[in-house]
Amino acid sequence: MRNGKLSQLMQQALSGRYGSDQLGRFLSQGSVGLLVLSFLTRRLASGRLSSLFSSVGLALLFFCYYRMFSRDIVRREAENHWYLEKEWALRDWFSFRKDRYDQRKEYAFFTCPGCKQIVRVPKNKGKIRITCRRCGYSFDKKT
Ligand SMILES: [Zn+2]
């Protein structure tokens, strides 16, 4: 019953407040990560690194709780949206790198001098003329 009472209290405290979202989770996990780092580095550089990690970690934690109990829902949602956009861009970037890495034996990758688009061509074909599919620019490369 204690638990039920506690969650009821939590619900009351959070009613009309923004609560938790993806950015909130990122902030709380980030702060825990930084506090762990701070603990691990406490003997390095006379503790300066450690206190840097712990102050940034505590700042993230503070911001996380500030957002949870905030009543300014519109602004908090905008922050979360901003965060999600960054997260997706980062995921995209990593999955692109990973694809490229997975295909490194069969394909070579070049940047088109015309439009900076990455062009993928089969590997080990000797010197070939590559025509960019996006802008039509042709250039010679050895693969
Ligand atoms: Zn191009």
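The following is a conversation about a predicted model of one protein chain.

Colleague: What makes up the secondary structure of the chain, and in what order do the elements run?

Modeller: The chain has 4 helices and 4 strands. From the N terminus on, the order is α-α-α-α-β-β-β-β.

Colleague: How do you know whether the chain is a compact globule or something else?

Modeller: Set the radius of gyration against the rule for a globule. A compact globule of 143 residues would come near 15 Å, but the chain has 25 Å. The C-alpha trace also spans about 75 × 45 × 30 Å along its principal axes.

Colleague: How much of the chain is buried, and what does the chain expose?

Modeller: Buried residues are 22% of the 143. The chain exposes about 11,000 Å², and 58% of that area comes from carbon and sulfur atoms.

Colleague: Why is Arg67 called buried?

Modeller: The cut-off for buried is under 20% relative accessible area. Arg67 has 1% relative accessibility, so Arg67 counts as buried. This residue is found in helix 3, residues 48-68. Leaving aside neighbours within four places in sequence, Arg67 is in contact with several residues, including Tyr18, Asp21, Leu23, Arg76 and Glu79.

Colleague: Why is Asn124 called exposed, while Ala45 is called partly exposed?

Modeller: Exposed means over 50%, and partly exposed covers the range between 20% and 50%. Asn124 has a relative accessible area of 64%, so Asn124 is exposed. Ala45 has 46%, so Ala45 is partly exposed.

Colleague: Where do these two residues lie?

Modeller: Ala45 lies in the loop between helix 2 (22-40) and helix 3. Asn124 is found in the loop between strand 2 and strand 3 (127-131).

Colleague: What is the phi of Ala45, and what is the phi of Asn124?

Modeller: Phi of Ala45 is near 45°, a positive value in a residue other than glycine. Phi of Asn124 is near 55°, also positive, and Asn124 is not glycine either. Most residues other than glycine have a negative phi.

Colleague: Why does Leu37 count as partly exposed?

Modeller: Leu37 has a relative accessible area of 35%, which lies between the two cut-offs of 20% and 50%, so the label is partly exposed. The residue sits in helix 2. The C-alpha atoms of Leu37 and Ser50 are separated by 7.1 Å, with the two residues 13 apart along the chain.

Colleague: What makes a set of residues a nonpolar core, and which residues form the largest one here?

Modeller: The members must be buried, be of the nonpolar kinds counted, and be joined through side-chain atoms within 4.5 Å. The largest such core has 8 residues: Ala108, Phe110, Cys112, Val119, Val121, Ile130, Cys132 and Phe139. Strand 1 (107-111) and strand 2 (118-122) each supply at least two residues of this core. Another core, of 5 residues, lies apart from it, with Leu23, Cys64, Tyr83 and Leu84 among them. In soluble globular proteins, nonpolar side chains tend to be buried together.

Colleague: Which residues are in contact with Phe110, leaving aside its neighbours within four places in sequence?

Modeller: Among them are Gln117, Ile118, Val119, Val121, Ile130 and Phe139.

Colleague: How many side chains are positive and how many are negative?

Modeller: There are 28 positive and 11 negative side chains, and the centres of the two sets lie 7 Å apart.

Note on methods. Residues numbered from 1 in each chain as written. Predicted model: local features only at pLDDT ≥ 70, side-chain atom pairs only at ≥ 80, totals over all residues. Heavy atoms only, no water. Rg over C-alpha atoms; globule rule 2.2 N^0.38 Å. Buried < 20%, exposed > 50% of the residue type's maximum accessible area, 1.4 Å probe, protein only. Areas by Shrake-Rupley, 256 points an atom, 1.4 Å probe, with all protein chains shown as cover. Lys, Arg positive; Asp, Glu negative; His and termini not counted. Charge placed at Lys NZ, Arg CZ, Asp CG, Glu CD. Contact = heavy atoms within 4.5 Å.
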